[in-house]
Amino acid sequence: MCLAIPMKVEKVEKDFAYVSIGNVKRKVNISFVENVKKGDYLIVHAGFAIEKLDKKKAIETLKILKEIK
Amino acid sequence: MRFIEEYRKPEIQKRIYKEIQRKSSLLKKNVNLMEVCGTHTMVIGRYGIRKLMPENINLISGPGCPVCVSPENFIDTAIEISKKKDVMITTFGDMMKVPGSFSSLEKEKAIRGNIFVVYSPLDALKIAEENLEKNIIFLSIGFETTAPLIAQTIKIAKEKKIKNFFILCGNKLIPPAMINLLEEKDTNIDGFICPGHVSVIIGTSPYIEITERFNIPCVISGFEPFDIILSIYILLSNLIEEKYEVINEYKRTVKEEGNLKAKKIIEEVFDIVDSEWRGIGIIKNSGLKLKKEFENFDAEKRYEVNIKKYSKNKRNCICGEILKGKKTPFDCSLFEKICNPENPIGPCMVSSEGTCSAYYKYEKK
Ligand code: SF4
Ligand code: SF4
């Protein structure tokens, strides 16, 4: 039930962002996340963004994966 | 998300599998690694990760599905309230089929029709605003991932002076349940795969007590198959080196300190109380309850219901033992034949993330 999926921000409007993944579009509350911008990926759970996906950190993990020989 | 695609390459995963094989030969004994979270259980099942593990590595499933651990009396209370005048019950969809002591929400909906599935607590609040002559009750379940959203919804309701919105609060906290498992004598857990989206909120520090007190490594893991495989690899490395630390594999989403705003609002709206977990019993300080200043939104304060406080276990269902990682669904005599997703006897078969349901779908022998 703690399923939360990354969705891409299309538009920000005060406390809300319009996000999408594939054909699914939603309006989500963003009051827990700072500096939300168009193009960000938000982790969405039950109508709220609970965090923003950090691309730099994602790439860090990828590096670790690649280093395991 | 091209950078995620990159992780999914089979060569990378194969290489880690190989490394897991190699590391497993260095282990001195068989190890049990518990995935706490039901969503991890699903991914492990869907991608056949359990079966791919070397013989001496056992993946066991923990209590990480809020639907499954909601006790019978929570459902019983919701049903009793639904019989009151002018009440509409709103709930996450997974709860509909969960058996209470006598009935389920789905069966009661067929009788009275006043039970509705919502996607978000905000949707429940909207229903309240649109139906002022009714009292709207939201069945508030979920772990730390969900608690801040409910807290925020309550705050919005308070600001807007909405008087016909209430929650039946059954929210629970994960770290106390993990500690409870370790304190039981006959559980045998050597490492935890910690729930990623609970950790988004609480951060890494609540697991430090676990690593220090019990000498058990904890890895916070994401939900892609490679996340889980990498987490298993990290746990093995730590076990071999006898390092008992908290490692954050899911850095792209989980910050060290968690989500401060979300943590703050949980503290602002809820008190921590003892709470009953289905199949496990009461766990100290493992639940949430609305603070006094928000008690106008507490359905249990608004409606007095007289039902037995503690639930009794369904006959022959071993969900409790499964939740603790002591048994698997294959050990249950009802599994498949009598208990299946069409006719769930215990809660683990109801939620799609339930261990029994995931085993039914993916791990049948
Ligand atoms: S198979 Fe059904 S009866 Fe058996 S433990 Fe799972 S939910 Fe309970
Ligand atoms: S009902 Fe099943 S999946 Fe849910 S917590 Fe219980 S054992 Fe886990």
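**Exercise 1. Sort the shell around ligand 2 by residue class.**

Solution. The shell of ligand 2 splits into 6 nonpolar, 3 polar and 1 charged residues. The classes work like this: Ala, Val, Leu, Ile, Met, Phe, Trp, Tyr, Cys and Pro are nonpolar, Asp, Glu, Lys and Arg are charged, and the others, Gly among them, are polar. Now put names to the shell: Gly62(B), Cys65(B), Cys68(B), Val69(B), Leu323(B), Pro347(B), Cys348(B), Glu353(B), Gly354(B) and Thr355(B), each with a heavy atom within 4 Å of the ligand. Last step, the location: ligand 2 sits in the second largest cavity. A cavity is a set of points on a 1 Å grid over the protein atoms alone where a 1.4 Å probe fits but cannot get out, and sitting in one takes more than half of the molecule's atoms within 2 Å of its grid points.

Some ground rules before moving on. This is a predicted model, where local features need pLDDT of at least 70 and side-chain atom pairs pLDDT 80 or more, while totals for chains, interfaces and linings use all residues. Residues count from 1 along each chain as written, chains are lettered from A and ligands numbered from 1 in written order, and side-chain values use heavy atoms, without hydrogens or water.

**Exercise 2. Do the same for ligand 1.**

Solution. Begin with the classes: 11 nonpolar, 1 polar and no charged residues. The surrounding residues include Cys317(B), Cys319(B), Cys332(B), Cys339(B) and Cys356(B), along with Phe335(B), Gly346(B) and Met349(B). As for the space, ligand 1 takes up the largest cavity.

**Exercise 3. Describe chain A from its overall build.**

Solution. Count the elements: 1 helix and 5 strands, taken as DSSP runs (helices H or I, at least four residues; strands E, at least two) numbered from the N terminus. Their order is β-β-β-β-β-α. Next, the extent: the C-alpha trace spans about 45 × 25 × 20 Å along its principal axes. Finally, burial: 48% of the 69 residues are buried, meaning under 20% relative accessible area with a 1.4 Å probe and protein chains only.

**Exercise 4. Place Thr61(A): is it buried or exposed, and what does it touch?**

Solution. Thr61(A) lies in helix H1 (residues 55–67) of chain A. At a relative accessible area of 5%, Thr61(A) is buried. Beyond neighbours within four places in sequence, Thr61(A) contacts Tyr7(B), Leu230(B) and Glu249(B), with contact meaning heavy atoms within 4.5 Å.

**Exercise 5. How many residues of helix H6 of chain B are buried?**

Solution. H6 covers residues 72–82, and 10 of its 11 residues are buried. Among them are Phe74(B), Ile75(B), Ile79(B) and Ile81(B).

Definitions and conventions
1 Å grid on protein atoms, 1.4 Å probe; cavity = no way out; pocket = protein on both sides within 12 Å on 5 of 7 lines; lining within 4 Å. Buried < 20%, exposed > 50% of the residue type's maximum accessible area, 1.4 Å probe, protein only.
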